[in-house]
Amino acid sequence: MSFWGGVHPATGEVIDRHHPLSSNIITGRVLAIPSGRGSCTGSSVLMEIILNGHGPAALVLEQPDEILALGAIVAELVFGQQLPVVSVGAEAFAKLHDARWVSLSANGQLTISSDPEPMAAPPLATPEAPLASVEASHGFQLNPADQAILDGAEGKARQVAMQIVLRMARLQGATELIDVVQAHIDGCIYTGSASLRFASQLRDWGGKVKIPTTLNSISVDQRRWRALGIDPAFGEPASALAQAYVDMGAQASFTCAPYLLDSAPKAGEEIVWGESNAVVYANSVLGAHTAKYADFLDICIALTGRAPRAGCHLIENRRATLQVHLPVLPAAPDDAFYPLLGYLVGLLAGSRIPVICGLESARPSLDDLKAFGAAFATTSAAPMFHIVNVTPEAPSAQAALAGLPPEAQHHLTLVELLQAWRELDSATETQVDLVALGNPHFSETECAALAQLLKGHQRHPNTAIVLTLGRAVSERAERNGDLAVIKAFGVNVITDTCWCMLEEPVVPVAARVIMTNSGKYAHYAPGLTGRQVHFGSLAACAQTACTGQATGLLPTWLQPDPANACARS
């Protein structure tokens, strides 16, 4: 489960409409899930519900999950509130299926019961070794500079940040820290008062970043939220949260696509990036090295300049373990193929890094890879992917697999692609009230493509169209004239924020159906907005903006040849 887009931070309701626990309330109950997935903001949502009293009584995982663990760690270290989190392994987790009551002891031992009456629960205390002695008790060697930060020589903010970094390092099994050259902060998304309290506390403690740091999309267009009709009760704290990070020295980039900035990292550079789609793009397409950093850990590393030597910072952890083979398609695919494929491969991969075979001659564009990665990161917990002859660490399948045989192989079928399409294109009504573009933020080439599609056409009067993009791309598209064409059509262009944060009135109150070309937003929008969603290519979205209707037709590349359906599936 992704807590961001999956659990409402103010109520504890599961709002992921694709999830089997949809509409359940997790408050006060033991939540048992295999792991987290999707957004790095899951840690922020978990911390939010811990602090506002809507959290679970305990969190039981099949496998360790750094994003969820981090939310509980920050709640404990910064705010003094605990949520027990325990990982039990596959065998014990399977026994929870028929359990009605769970008792958790101080040492993390679970006792499971299917009895109708509740069990007597033991104390939930989780004693920890003093953080200052972490290097002695866990074989962790701190250098003198790190020890000085931990001792408070560089102020309270960096001291607490180092404590959090070391807690996560222990969880990851790291034995040392490494230098990182840049950071991208995902924790600037406003999930509630707790997210603002955390950032404000670090700033008030004198926190300043040590490395170049950019900021993810925030929850409002900071310069226009009042004009867009956003309630000040939300707009003011959301803007204040962004400002707190700027006050700590971060750049006001406000984009979920930092790989489009001039500061994008180079292959082999050690970085700390939050935002799930940015993480997989940095690792997979750029060849930079970053873990899938949870909200709050990203700023802690930016404040200290040091990260655990773990995860995708280690070459051996970047190899594929799942090999995915693509089917022969009935026709050449359009741009909707890549988010659809990313969505499906993410579901198949789980926490495994996949290598995809079958696109060797397709030459997907950087925009295609962006769309694939965003959808993949939505349904997967993995920090990267490989595509043979496309991504830099996969000149061949064997290179991505590091010469080892895959632990698993999967041959995709057209039937599976079709099923995934119907999950994303799930609206039953053909009339579309809103076309939503820019999740992740549009690139210059996407702006140019949209301008070409809209030029000379008129928007349907009953269909709104909204585009989100970062400030840097917006300025470039303004200079080259594409934005003028887009705005002349009637597109509402919004910077700083992105679709996973946008609500009413940007999403029109009367709107019932949304259309998007984003696999990520097609997944999250039903739960976030309560609207039905159509999914399609950029051209299909542009056509719908003109007609007000979704055609409901499958793309030709997804229509099986009746005469040869068996062979092609």
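How many aromatic pairs does the count come to in this structure? In this predicted model, the count comes to eleven aromatic pairs, and two of them make useful stops before the tour moves on to a histidine and the nonpolar cores.

Begin by selecting phenylalanine 198 and phenylalanine 296, whose ring centres lie 4.5 Å apart with their planes at 55 degrees. Planes under 30 degrees apart would count as stacked and those over 60 as edge-to-face, so this pair is tilted. Colouring by secondary structure will help here, since phenylalanine 198 belongs to helix 7 (residues 193-204) while phenylalanine 296 sits in the loop between helix 9 (276-286) and helix 10 (297-304), and the pair thereby links parts of the chain that are 98 residues apart. Both phenylalanine 198 and phenylalanine 296 are buried.

Next, select phenylalanine 337 together with tryptophan 557, an edge-to-face pair with 5.4 Å from centre to centre and 85 degrees between the planes. This pair also joins distant parts of the chain, 220 residues apart: phenylalanine 337 is in helix 11 (residues 337-349), and tryptophan 557 is in the loop between helix 19 (538-547) and helix 20 (565-568). Phenylalanine 337 has a relative accessible area of 2% and is buried, and tryptophan 557, at 1% relative accessibility, counts as buried too. Keep both residues displayed and add Tyr338, Trp421 and Phe535, because ring pairs link these residues with Phe337 and Trp557 into a cluster.

For a contact of another kind, select lysine 156 and tryptophan 205: the charged end of the lysine sits over the tryptophan ring, 5.4 Å from the ring centre.

Move now to histidine 184, in strand 7 (residues 183-185). Is histidine 184 buried or exposed? With a relative accessibility of 0%, histidine 184 counts as buried. A polar atom of the histidine 184 side chain lies 3.2 Å from the backbone oxygen of threonine 255. Beyond its neighbours within four places in sequence, histidine 184 is in contact with residues including Thr214, Asn216, Trp273, Glu275 and Asp298.

Finish with the nonpolar cores. The largest has 156 residues, and Phe3, Phe198, Tyr245 and Ile299 touch the most other members, so that the tour returns here to phenylalanine 198, one half of the tilted pair. Selecting phenylalanine 3 shows contacts with Ile26, Leu31, Ile33, Gly42, Val45, Leu46, Ile49 and Leu68, once residues up to four places away in sequence are set aside. Another core, of 26 residues, lies apart from the largest one, and Val432, Ala451, Ile465 and Ala545 are among its members.

Definitions and conventions:
Residues are numbered from 1 along each chain as its sequence is written. This is a predicted model: local features need pLDDT of at least 70, side-chain atom pairs count only at pLDDT 80 or more; totals for chains, interfaces and linings use all residues. Side-chain values use heavy atoms; hydrogens and water are left out. Rings of Phe, Tyr and Trp (its six-membered ring) pair if their centres lie within 6.5 Å; planes under 30 degrees apart count as stacked, over 60 as edge-to-face and the rest as tilted. Helices (H or I, at least four residues) and strands (E, at least two) are DSSP runs, numbered from the N terminus. Buried means under 20% relative accessible area, exposed over 50%, partly exposed in between (1.4 Å probe, protein chains only). A charge sits over a ring if NZ of Lys or CZ of Arg is within 6 Å of the ring centre and within 35 degrees of the ring normal. A polar contact is a pair of N or O atoms within 3.5 Å; within protein, one must be able to donate a hydrogen and the other to accept it, and residues adjacent in sequence count only if both atoms are side-chain atoms. Contact means heavy atoms within 4.5 Å. A nonpolar core is a set of buried Ala, Val, Leu, Ile, Met, Phe, Trp, Tyr and Cys residues joined through side-chain atoms within 4.5 Å.
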